[in-house]
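Colleague: I would like to go through the labels on this model. Please give me the reasoning behind each one.

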Amino acid sequence: AVVSTQSTGTLASTDQGWEEEASGLMDEREKALEAEKAAEKRHEEKVTQRQMNLDAKLHYPKDSFFKTLDSSVKKNSVFVKKLSTITEANRAKLTQDLNSLNLTKYIEEVVSAICTARLKMQDMNCAIHLCSLLHRRYSDFSTLLLKNLQ
């Protein structure tokens, strides 16, 4: 009788162990599915961004668009200085500033600041994002960027 009590206790703890393991596996599976969905979403965003970059020549803004943006020397100079320290942490602010400024007269300085910026690996996505936006807005940006990178 003593042996059967011990074996029943062992079976109960074994069943509990299997349940915990099965629960852990379900949690891991859910996390993996979430990660897969996030990766698919990032991929779709990249494909969309790529297509927008390829179509940029067809959709450059008209001159009248630039007249609605801020052209002040002070704000543009401050923005160009900020580009020398591109980080993922200031991505939203840089994007906001870029969207509100007319950088037409400063595009060479913008390219120079981007090319000389000390970028860390984690900041590359921010730099690519900004270059993508600039490419879509300013027709001479890409040419100047390639020239400066060579």
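Modeller: Start with the contact of H4 with H6 in this predicted model. Arg 91, Leu 94, Thr 95, Leu 98 and Asn 99 in H4 meet Asn 125, Cys 126, His 129, Leu 130, Leu 133, Leu 134 and Arg 137 in H6. By class, six of these residues are nonpolar, four polar and two charged.

Colleague: What makes H4 and H6 roughly parallel to each other?

Modeller: The angle. H4 and H6 pack at about 10°, with their axes 10 Å apart. Angles under 35 degrees count as roughly parallel. H4 and H6 are therefore roughly parallel.

Colleague: Asp 97 has its place in H4, residues 91-100. Why does Asp 97 count as buried?

Modeller: Its relative accessibility is 11%. The cut-off for buried is under 20%, so Asp 97 counts as buried. Leaving aside neighbours within four places in sequence, Asp 97 is in contact with Phe 79 and Lys 82.

Colleague: Now Leu 134. Which helix holds Leu 134, and how do you know whether Leu 134 is buried or exposed?

Modeller: Leu 134 lies in H6, residues 124-137. Relative accessibility for Leu 134 is 1%. Buried needs under 20%, so Leu 134 is buried.

Colleague: With which residues is Leu 134 in contact, leaving aside its neighbours within four places in sequence?

Modeller: They are Leu 98, Leu 103, Ile 107, Val 110, Ile 114 and Phe 141. Take Ile 107: Leu 134 and Ile 107 are 27 residues apart in sequence. Their C-alpha atoms are 8.9 Å apart in space.

Colleague: Next, H6 and H7. Why is H6 called oblique to H7?

Modeller: The two helices pack at an angle of about 130°, with their axes 8 Å apart. Roughly perpendicular runs from 65 to 115 degrees, and roughly antiparallel needs over 145. The angle of about 130° fits neither class, so H6 is oblique to H7.

Colleague: Which residues meet there, from H6 and from H7?

Modeller: H6 brings Cys 131, Leu 134 and His 135, and H7 brings Phe 141, Ser 142 and Leu 145. The contact of H6 with H7 divides into four nonpolar, two polar and no charged residues.

Colleague: What makes H5 and H7 oblique to each other?

Modeller: H5 covers residues 107-116, and H7 covers residues 141-149. Their axes come within 9 Å and cross at roughly 40°. Roughly parallel would need an angle under 35 degrees, and roughly perpendicular starts at 65. H5 and H7 are therefore oblique.

Colleague: What is the hand of the crossing as H5 passes H7?

Modeller: Right-handed. Ile 107, Glu 108, Val 111, Ile 114 and Cys 115 in H5 meet Phe 141, Leu 144, Leu 145, Asn 148 and Leu 149 in H7. Those residues divide into eight nonpolar, one polar and one charged.

Colleague: On to the rings. How many aromatic pairs are there?

Modeller: The count comes to two aromatic pairs. In one of them, the rings of Phe 65 and Phe 66 have their centres 5.4 Å apart and their planes at 70°.

Colleague: Why is that pair of Phe 65 and Phe 66 called edge-to-face?

Modeller: Ring centres within 6.5 Å make a pair, and planes over 60 degrees apart make it edge-to-face. The values of 5.4 Å and 70° meet both terms, so the pair is edge-to-face. Phe 65, Phe 66 and Tyr 138 form one aromatic cluster.

Colleague: What puts Phe 65 and Phe 66 into their accessibility classes?

Modeller: Phe 65 has a relative accessible area of 31%. That value lies between 20% and 50%, so Phe 65 is partly exposed. Phe 66 is at 9%. This is under 20%, so Phe 66 counts as buried.

Colleague: Last, H1. Why do Asp 27 and Glu 30 count as partly exposed?

Modeller: Asp 27 is found in H1, residues 2-54, and Glu 30 lies in H1 too. Relative accessibility is 39% for Asp 27 and 45% for Glu 30. Exposed needs over 50%, and buried needs under 20%. Both values fall in between, so Asp 27 and Glu 30 are partly exposed.

Colleague: How far apart in space are Asp 27 and Arg 118, C-alpha to C-alpha?

Modeller: 40 Å, with their positions 91 residues apart in sequence numbering. For Glu 30 and Lys 62, 32 residues apart along the chain, the C-alpha separation is 48 Å.

How values were computed:
Residues numbered from 1 in each chain as written. Predicted model: local features only at pLDDT ≥ 70, side-chain atom pairs only at ≥ 80, totals over all residues. Heavy atoms only, no water. Phe/Tyr/Trp six-rings, centres within 6.5 Å; stacked < 30°, edge-to-face > 60°. Buried < 20%, exposed > 50% of the residue type's maximum accessible area, 1.4 Å probe, protein only. Axes fitted to C-alpha atoms, helices over the stretch in contact; angles between N-to-C directions. Helix = DSSP H or I, 4+ residues; strand = E, 2+ residues; numbered from the N terminus. Left-handed = near helix turned anticlockwise from the far one by under 90°. Contact = heavy atoms within 4.5 Å. Nonpolar A, V, L, I, M, F, W, Y, C, P; charged D, E, K, R; others polar.
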